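I sat down with this one and a fresh notebook page. Here is what I looked up, in the order I got to it.

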There are 2 protein chains.
Amino acid sequence: MCSCSFISYRRNTLRDRNPLTVLINPIAAEAEKAVRVAFLHRRTLIVVGRCNVIYKGRAKSKLEPGERIAILKSDGSLLIHRSAGYEPVNWQPPGCIFNVRNRKDILEIEARRQRPRESVEVAFDNIQLLSVHDLTDLGEFSLYASEEDMQKAILLDPSMLEEGFEPISYEKKIEPGFVDVYGIDMNGKLVVVEIKRKTAGKEAVLQLAKYINAIRTKSTREVRGILAAPRIAKDVQRMLVTLGLGYKFVDPKKCAEMLRRSQTVKLADFLQDS
Amino acid sequence: MCSCSFISYRRNTLRDRNPLTVLINPIAAEAEKAVRVAFLHRRTLIVVGRCNVIYKGRAKSKLEPGERIAILKSDGSLLIHRSAGYEPVNWQPPGCIFNVRNRKDILEIEARRQRPRESVEVAFDNIQLLSVHDLTDLGEFSLYASEEDMQKAILLDPSMLEEGFEPISYEKKIEPGFVDVYGIDMNGKLVVVEIKRKTAGKEAVLQLAKYINAIRTKSTREVRGILAAPRIAKDVQRMLVTLGLGYKFVDPKKCAEMLRRSQTVKLADFLQDS
DNA sequence: AATTAAATTTCGCCT
DNA sequence: AGGCGAAGTTTAATT
């Protein structure tokens, strides 16, 4: 049975300069003080407690009282998480200005931004835990087997798509949008490649067909279309045949592995010499 | 300079049964114990500390060591948040199975799910804060405009319902209850409007029909009924046709925007005059 | 279960 | 600043 708030000002590990403030069951006045310090020092703030939330902006929302987790980051972003669900119930992207006040023992925090003009207001009438952190995070994040990685892999080794294929460009602007990879096959025909990281559906085929048609209206040269994906949806096979398009199995994992072997390759490096 | 872990087992407010566990700078063994208890009791877990994260599944990702916030919810969802950004750097949707172990003073937490088969592994080599919460959250979340806002918007701009429509009254008492909006169309016919904030089901149609019938028993004038909602349930379309009622798509979001705009417009007009 | 459409989508890249 | 496309998109509704 501990009714007092607990505050620790220093962490005992890693670095001396790495303050940590933790309040347990603080009253609003105590909490407000800690929040102000957190804002002043651009720290990360976590508040767990009973609150209601109002959002006004592009839309409007109201969240009736309940116990939730609020995270306020130093970049001006805000997250309100309920006890369930992967997505935040309310949020605010980076770039907000935070405000805090203690109004009749209710801790009110506001995250406001312009463009678009919107705000999230959180009012805590009870706080289980409030902590202020200085998060040092320089670790690199790398995602493998993204669509971009597949694109890189095809540019790195065009033969994986088709023997004799030679890329000319990538993300090339064609009337309706951007072609993933664009090149010439062993017979000198133009080739448009549409890449999908997972099962390619009809929308991928239609997109490819659109590009092909756009090119045909502008050029008399023969154009082929190839859908590069690990799998195609079941109706899509017939669609490809009907539209005269090709399909090539490409494994995203193998692409990722290939890139790992030839590390630090940038997309722009490929076509430079050609 | 406090190097001890701090544990509070009871919250002093709201309810006696509402345990809260907080560990500050715990070693992996202590943390592991608390995490196991949290999993066992299906509690919400927050861990702040230095970790690296590996994701394997639809794609693959690796996050090099840094200080982050991890949230594990009782529905089996996981979030890893860095010091910046609105989106989690790594996550796992609800339905995961969590595992924890202490491996050479490293706290390893795994969130695994099938379909799609994927896992996120988090390894903490230092923990600033670990807290376990029992979040009671029954508060309702309502998005977009309220039904009242939609009503206001229709009164403000009746043409959004139908060209030439002119409201006479709102919340008018008719035998079974109160009609949302009541007016006259361009041909002089009476119009009863039933508003729903979200998908209109059969109960909305029946309510509308009741009002119409009530009016018809009292007046010889022609009466039309219009259901105003962002969407109607699938069987309701036929029901409307059968009962000779109309439907008008009304977007609550647009209503909210309109009200907001009208406020600013009024303000602007006021300022222009001066 | 598969498909389609919307999201306070966000995020990035390019014009 | 605005517009379009992609995302480990997610989520909900419908077939």
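Why is helix H2 (residues 147-156) of chain A largely enclosed by the rest of the structure? I began there, keeping in mind that this is a predicted model. Seven of the 10 residues of the helix are buried, so H2(A) is largely enclosed. I wrote down the buried ones: Asp149(A), Met150(A), Gln151(A), Lys152(A), Ala153(A), Ile154(A) and Leu155(A).

**Entry: strands within chain A**

Next I followed E2(A), strand 44-56. E2(A) pairs with E8(A) in the antiparallel sense, over 13 bridges. As a landmark I picked Thr44(A), which stands opposite His133(A) in E8(A). E2(A) is also joined to E3(A) by 11 bridges, again antiparallel. These two strands, E2(A) and E3(A), make a hairpin with three residues between them. In E3(A), I found Lys60(A) standing opposite Lys56(A).

**Entry: where the chains meet**

Then I turned to the partner chain. I find 70 residues of chain A in contact with 72 residues of chain B. Together the two chains bury about 6200 Å², with 58% of that on carbon and sulfur atoms. On the chain A side, Lys60(A), Glu67(A) and Tyr86(A) lose the most area to chain B, and together they account for 11% of what that side buries. I had already met Lys60(A) in the hairpin, opposite Lys56(A).

**Entry: polar links across the interface**

How many salt bridges cross the interface of chain A and chain B? The rule finds four. I looked up one of them, Asp137(A) with Arg68(B), where the closest N and O atoms are 2.6 Å apart. For polar contacts, I noted 24 residue pairs between the chains, both residues at pLDDT 80 or more.

Which strands of chain A each supply at least two residues of the side that touches chain B? My list reads E1 (20-24), E2 (44-56), E3 (60-72), E4 (78-81), E5 (90-92), E8 (118-133) and E9 (141-144). E3(A) gives the most, with 11 residues. By residue class, that side of chain A divides into 29 nonpolar, 23 polar and 18 charged.

**Entry: a strand pairing between chains**

I came back to E3(A) for a last look. E3(A) pairs with strand E9 (residues 141-143) of chain B, antiparallel, over three bridges. Ser61(A) is the residue I marked here, as it stands opposite Leu143(B) in E9(B). So my page ends with E3(A) joined to E2(A) by 11 bridges and paired with E9(B) over three.

Terms used. Residues are numbered from 1 along each chain as its sequence is written. Chains are lettered from A and ligands numbered from 1 in the order in which they are written. This is a predicted model: local features need pLDDT of at least 70, side-chain atom pairs count only at pLDDT 80 or more; totals for chains, interfaces and linings use all residues. Side-chain values use heavy atoms; hydrogens and water are left out. Contact means heavy atoms within 4.5 Å. Buried area is the accessible area (1.4 Å probe) that two parts lose on being put together, summed over both. A salt bridge is a side-chain nitrogen of Lys or Arg within 4 Å of a carboxyl oxygen of Asp or Glu. A polar contact is a pair of N or O atoms within 3.5 Å; within protein, one must be able to donate a hydrogen and the other to accept it, and residues adjacent in sequence count only if both atoms are side-chain atoms. Helices (H or I, at least four residues) and strands (E, at least two) are DSSP runs, numbered from the N terminus. Ala, Val, Leu, Ile, Met, Phe, Trp, Tyr, Cys and Pro count as nonpolar, Asp, Glu, Lys and Arg as charged, and the others, Gly among them, as polar. Two strands pair if DSSP finds at least two bridges between them. Buried means under 20% relative accessible area, exposed over 50%, partly exposed in between (1.4 Å probe, protein chains only).
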